[in-house]
Amino acid sequence: GAGLGALTCLIAPRVRRVLAIEIDRAICELLKGRVAHLPNVEVRCEDILRFPWAHYADCTVVGTIPYHITSPILVRLCEAWPSVQVAWMGMQREVAARLTARPSTKAYGRLTLLVQYRFVVSEILRVPQVAFFPRPHVDSAWVRLTSRPAAPVTLKDEQLFFNVIRAAFGTRRKMLANCLTGLSRPPLSRAAAAHAIRAAGLPDGIRGEALSMEAFARLANILGGSLT
């Protein structure tokens, strides 16, 4: 979302190369004219959700991302994690709270765990509505995502780990044992789900939003053992 280049022109003198991505073709043409004197800036009229991250190892991502596609962008960054060294992003304050949330809080959820699995998340700066024009209806925050060199938990099956998280947050406030019966691999009865929960050292009536990443990893590894 390079827009008219407010950030692009500040970044360019400090780095070797800038790829400025903007989806609006008319704005792209204006931006190309504005940065024509900067030989290290390349403007591309592309959809950031289709950007080929794998071609750009150890890149830094900077942008104030559109609020309506914040979650899809964050998911794509997690998928592109090996290529993204660090990301500095302005986003809705509510989403920033989700990324830094802890278990048993309202903001904690699937997106929290997905992003924290791939990145160390830090809220750097809160930005009030009056800092923008046109003025939005919500406050914002600048967040830094620093790529983890390795996964923060040990897993037998990474995909199963994410499937368990998806099932756990499929219906908030529903007991975890009931949520896990929605898994297709491995298929679980209510009794089998309860047994796995107890084997992970968790109480019978626990809900998904109370589990830490480490607890989800223990539970996924126990369930993974039933597949072998």
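Which residue is the bridge partner of A20 in β2? Hi everyone, let's start there. The partner is V43, and please keep in mind that this is a predicted model.

That bridge belongs to a strand pairing. β1, residues 18-21, runs parallel to β2, residues 41-44, and four bridges join the two strands. Between β1 and β2 the chain passes through helix α2, residues 25-34, and this β-α-β crossover is right-handed.

Now, A20 turns up again when we look at pockets. The largest pocket has a volume of about 1,300 Å³. Its lining counts 41 residues, and those closest to its centre are L19, A20, I21, T60 and V62.

So which elements build that lining? At least two residues each come from α1 (6-11), β1, β3 (59-64) and α3 (70-79). The largest share is from β3, with six residues. In terms of chemistry, the lining of this pocket has 26 nonpolar, eight polar and seven charged residues.

Let's move to the second largest pocket, with about 420 Å³ of space. If you'd like to find it on the screen, its lining includes G1, then T64, I65, P66, Y67 and H68. Further along the chain, look for A131, F132, F133, P134, P136 and W142, which also line this pocket.

How many of those lining residues are charged? The second largest pocket has no charged residues in its lining; nine are nonpolar and three are polar. For the largest pocket, remember, the charged count was seven.

That's my tour, thanks for listening!

Terms used:
Residues numbered from 1 in each chain as written. Predicted model: local features only at pLDDT ≥ 70, side-chain atom pairs only at ≥ 80, totals over all residues. Heavy atoms only, no water. 1 Å grid on protein atoms, 1.4 Å probe; cavity = no way out; pocket = protein on both sides within 12 Å on 5 of 7 lines; lining within 4 Å. Points joined across faces, edges and corners; volume = space filled by probe spheres on them. Nonpolar A, V, L, I, M, F, W, Y, C, P; charged D, E, K, R; others polar. Pairing = 2+ DSSP bridges. Right-handed = clockwise from strand over helix to strand, strands pointing away.
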